[in-house]
Amino acid sequence: MGEDELILPDNEKGDAKIDAEGHLQGGREFKMYTYTSESRPNPNRVYALTIDVARACGYTDSLAFLRRVPQIVKLSCHPSERDMLIEKGRVTGNLKHRMVTMVAVRNIYKLLGAKVVKGE
């Protein structure tokens with residue numbers, strides 16, 4: 001396991017569609033809101049809230065989604081990340097003192113592929 005994602009074998013075709021930090025190539029866009037975090041070791045790595053990924057895949061809650069795809073590495077948001085997400089309107093203020101989880105989108109893309117990409 002890497003710093004924030006499961007290390008999976010390389011796939012030349014798939015790896016050409018997303019870079020090492022999680023940015024989609026070729027004008028593709030994720031179905032869910034994505035962001036970067038200055039408080040992580042790589043501030044350019046792309047993340048998404050676990051609940052947003054679950055909803056993009058048709059789940060109503062993240063727990064059911066994570067049970068279905070246990071290879072996903074779930075990360076706890078740092079307080080500064082949670083504050084930034086509240087400020088941007090992605091997380092409600094009533095979650096200010098509760099655990100909010102996120103995932104590296106590269107991990108999501110490698111496991112779920114086109115399910116999380118708009119128009120594919």
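**Strands, rings and burial**

Student: Which residue is the bridge partner of Y47 in β4?

Tutor: The bridge partner of Y47 there is A104. Before we go on: this is a predicted model, in which local features need pLDDT of at least 70 and side-chain atom pairs count only at pLDDT 80 or more, while totals for chains, interfaces and linings use all residues. Residues are numbered from 1 along each chain as its sequence is written, and side-chain values use heavy atoms, with hydrogens and water left out.

Student: What makes β2 and β4 a pair?

Tutor: Two strands pair if DSSP finds at least two bridges between them. β2 and β4 have three bridges, in the antiparallel sense, so the pairing criterion is met. Strands of a sheet pair through backbone hydrogen bonds, either parallel or antiparallel.

Student: What counts as a strand or a helix, and how many of each are there?

Tutor: Both are DSSP runs numbered from the N terminus: helices (H or I) need at least four residues and strands (E) at least two. The protein has five helices and four strands, following the pattern α-β-β-α-α-β-α-β-α along the sequence.

Student: In what order do the four strands lie in the sheet?

Tutor: The order is β1-β2-β4-β3, in an open sheet with antiparallel pairing. β1 (35-36) and β3 (75-76) each have a single partner strand, so they stand at the edges, with one side of each left without a neighbour in the sheet. Two bridges join β3 to β4 (residues 101-104), and S76 has T101 as its bridge partner in β4.

Student: What packs on the sheet?

Tutor: Helix α5 (residues 105-112) does, touching β2 (46-49) and β4. Contact means heavy atoms within 4.5 Å. The direction of α5 makes about 65° with that of β4; such angles, from 0 to 180 degrees, are taken between N-to-C directions of lines fitted to C-alpha atoms, for helices over the stretch in contact.

Student: Why is α5 described as largely enclosed?

Tutor: Six of its eight residues are buried, so the rest of the structure largely encloses α5. They are V105, R106, N107, I108, Y109 and L112. Buried means under 20% relative accessible area, exposed over 50%, and partly exposed in between (1.4 Å probe, protein chains only).

Student: Why is Y35 called buried, and why is Y33 called partly exposed?

Tutor: Y35 has a relative accessible area of 4%, so it is under the burial cut-off. Y33 is at 25%, so it falls in the in-between class.

Student: How many aromatic pairs are there?

Tutor: There are two. In one of them, the rings of Y33 and Y35 have centres 6.0 Å apart and planes at 25°, so that pair is stacked. The rule for Phe, Tyr and Trp (its six-membered ring) asks for centres within 6.5 Å; planes under 30 degrees apart count as stacked, over 60 as edge-to-face and the rest as tilted.

Student: What sits over the ring of Y47?

Tutor: The charged end of R40, 5.9 Å from the ring centre. A charge sits over a ring if NZ of Lys or CZ of Arg is within 6 Å of the centre and within 35 degrees of the ring normal.

Student: How does the radius of gyration agree with a compact globule?

Tutor: A compact globule of 120 residues would have a value near 14 Å, and the protein has 14 Å, so the two agree. The radius is taken over C-alpha atoms, and the globule rule is 2.2 Å times the number of residues to the power 0.38.
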